[in-house]
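The following exercises train the reading of a protein model. Please attempt each task before turning to its solution.

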Amino acid sequence: MAEKKPAKLRVILNPDDSRKLILPGGIPETMEQLMDEVRKVCGINGNLRLQYQDKDFGDALVNLTFTAELEDLATIKVIPITDDYSQGSNLTGCDDFLSTQSDDMELLSTPSSSVSTRTQMWPREFPIPPFSYDTELQLEKGNAAYRSNMTRLTLSSKIKSDILERLAEEIFKYKAYPVDGDFSDVAEELIKKHPCLSEPGSYNGCNGWKQRLKTKMGNYRTKLKGIGCSELLVNSLKSKPPEDALPAKKVKRPRRGEANHIPDIPIGETPDKLENERLSLISEVRKRNNRAVIKAKMDRTFSLRRQEVVEKESGVEELKERWPALFTMEEINAEFMRITTVPLQPRFLASLDKHHSKLIEIIRNKGGAVREKTRNILKVLDQSLEVNLKRECLLKCLIVYLGEDVDKLIKEYLVVQKDEAEAELERCTMAVFVIREEEEEEEEEEDPLQAPRDIGIVIEGVEVLNKLPSVAHACAMLFGLIYALNLSYPSELKYTFDVLQKVFMEIEPKKMTRRVCSLSVKL
């Protein structure tokens, strides 16, 4: 029997405490052995639950049930559980573990969730659902015959209809408006699982299925629109104003991989009830140490808020007045999770750290204008050991590498330039602002190694956040607000935000521009 290789695991105890677990004998075979090692190294007593980053769900944290899921250099999270939890009651734990800023997992199946609420993004490998009993029976025999003598199954219209109907239902669990690549994924997985369905004459054996799925999905959307599905009803001609009553005009579809774009109002709720909850939420925001109540009310009013944001296209100033709780770091993280099912801040910062070395190497190897523009940024990077400053330098270098202007995203001012900054930011569409102290020895000069006095975000001339921990945190929050407020990427920063979305956050990574794809391949 081959000897097990030593393994190392990163163990997260709380937002400010992560440790290295060295396993000389490799990853244990049982959960009990692994938990004993964690207790021993971390000094933990009592019951605990372990979570790991599951690649199938975009590295989101899910419960660990078998140690075989772990690889060397994996990350696990420790969640202490009480006796009440072990008896099957509600989840409990330290406030640190429930912090949105640090936790990679939010429970989407809240009491206010409706059937239409999606809990995960498009999977890397599309799961082909089981079909009706008679269809499965014929497919089983057809697959056996295909493996034996390459005979393809001749389908009746009933079986074909059953297959397409079930696939359309499964697709809608992830997307209402799948793109061409998504249909290709489903068709390829279908003939991989059931090779007897492959088509002669097709270049990949499944192009006919792909075209049928497109037609079926359109019919399925029409069917759900008649039932009253909010995500589809918003694009019906009856829902549009007379001047926009054209099929292709102002179609409100997910643009950047939003899983829950316009969710239905949950069963048992009405717009009037949710409006009263919104008014109650405004008063709750004024109270101290009230995060749990605010989060519950924000969860409950999610569908109402998305209707305002997407359908009514309310401005930032109006939304800030009506939904003040949304403009906090905790709720931006939570809202992004509700919309995309992906953790915002943890993944954003972890991806910056993950790609740091390779990206800096790529940038250092560039010449010409990129080298000249990044010279001072890399000088600061080499002088600093502070992780947030390194992330800030990485973001600036990324913007320059993509041929865009750093000042369009990150606007830096000295304290003495306060009036000038306010006037400029009022005219700004979207930016992160940084206020720095000037050096005592040389006036009007900023020290990039010194901690800024203030970091904030401006959208449509309105200051929506300030006192943020770092520029990297501010960029993460700005990215989250673009989703939460259904905004478009600034045209002068389209490549930067495209990289952040598709490479760093891994949301809808299939369709990339040539420039973004080139960087993705190099990374």
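Five exercises follow, each with a solution in steps.

This is a predicted model, in which local features need pLDDT of at least 70 and side-chain atom pairs count only at pLDDT 80 or more, while totals for chains, interfaces and linings use all residues. Residues are numbered from 1 along each chain as its sequence is written, and side-chain values use heavy atoms, with hydrogens and water left out.

**Exercise 1. Salt bridges**

Task: State how many salt bridges a search of the whole structure finds, and describe the pair formed by Glu231 and Arg118.

Solution.

Step 1. The criterion is a side-chain nitrogen of Lys or Arg within 4 Å of a carboxyl oxygen of Asp or Glu. The search of the whole structure finds 38 salt bridges.

Step 2. In the pair of Glu231 and Arg118, the closest N and O atoms are 3.1 Å apart. Glu231 belongs to helix H7 (residues 230-233), and Arg118 to the loop between helix H2 (83-86) and helix H3 (133-149), so the salt bridge ties together parts that are 113 residues apart in sequence. Helices (H or I, at least four residues) and strands (E, at least two) are DSSP runs, numbered from the N terminus.

Step 3. The next point is accessibility. A residue is buried under 20% relative accessible area, exposed over 50%, and partly exposed in between (1.4 Å probe, protein chains only). Glu231 is buried at 5% relative accessibility, and Arg118 is buried at 4%.

**Exercise 2. Further charged pairs**

Task: Decide whether Lys192 is buried or exposed, and do likewise for Glu189; then examine the pair of Lys287 and Glu284.

Solution.

Step 1. Lys192 and Glu189 form a salt bridge with an N to O distance of 3.3 Å. Both residues lie in helix H5 (residues 180-193), three residues apart, which is about one turn of the helix.

Step 2. Lys192 has a relative accessible area of 58% and is therefore exposed. Glu189 has a relative accessible area of 15% and is therefore buried.

Step 3. Lys287 and Glu284 also form a salt bridge, with their closest N and O atoms 3.4 Å apart. Lys287 is partly exposed at 47% relative accessibility, whereas Glu284 is buried at 13%.

Step 4. Salt bridges can also be linked: Lys295, Asp299, Arg305, Glu331, Glu335 and Arg338 are joined in a network of them.

**Exercise 3. A charged patch**

Task: Identify which residues gather in a patch of negative charge on the surface, and which helix gives the most to the patch.

Solution.

Step 1. Patches are made of residues with over 30% relative accessible area and no salt bridge, like charges being joined within 9 Å. Asp and Glu count as negative.

Step 2. The residues are Asp419, Glu422, Glu426 and Glu463. Helix H16 (residues 418-426) gives the most, with three residues.

Step 3. Asp419 is found in helix H16. Asp419 is exposed, because its relative accessible area is 62%.

**Exercise 4. Cysteines**

Task: Determine how many disulfides the whole structure holds, and explain why Cys397 and Cys393 are not bonded.

Solution.

Step 1. A disulfide is a covalent bond between the sulfur atoms of two cysteines. The cut-off is a pair of cysteine sulfur atoms within 2.5 Å.

Step 2. The search of the whole structure finds zero disulfides. The cysteine sulfur closest to that of Cys397 is in Cys393, at 6.6 Å, which is too far for a bond.

Step 3. Cys397 is buried at 0% relative accessibility. Cys428 is buried as well, with a relative accessible area of 9%.

**Exercise 5. Backbone angles and contacts in space**

Task: Give the location of Thr341 and of Asn486, and find how far apart Lys358 and Lys522 are in sequence and in space.

Solution.

Step 1. Thr341 has a positive phi of about 65 degrees although it is not a glycine. Thr341 is placed in the loop between helix H12 (329-340) and helix H13 (345-364), and is buried with a relative accessible area of 8%.

Step 2. Asn486, another residue other than glycine, has a positive phi near 55 degrees. Asn486 is in the loop between helix H17 (471-484) and helix H18 (494-504), and is buried at 16% relative accessibility.

Step 3. Lys358 is found in helix H13 and is partly exposed, with a relative accessible area of 35%. Lys358 and Lys522 are 164 residues apart in sequence and 8.4 Å apart in space, C-alpha to C-alpha.

Notes
Patch = residues over 30% accessible without salt bridge, like charges linked within 9 Å, V, L, I, M, F, W, Y side chains within 5 Å. Areas by Shrake-Rupley, 256 points an atom, 1.4 Å probe, with all protein chains shown as cover. Charge placed at Lys NZ, Arg CZ, Asp CG, Glu CD.
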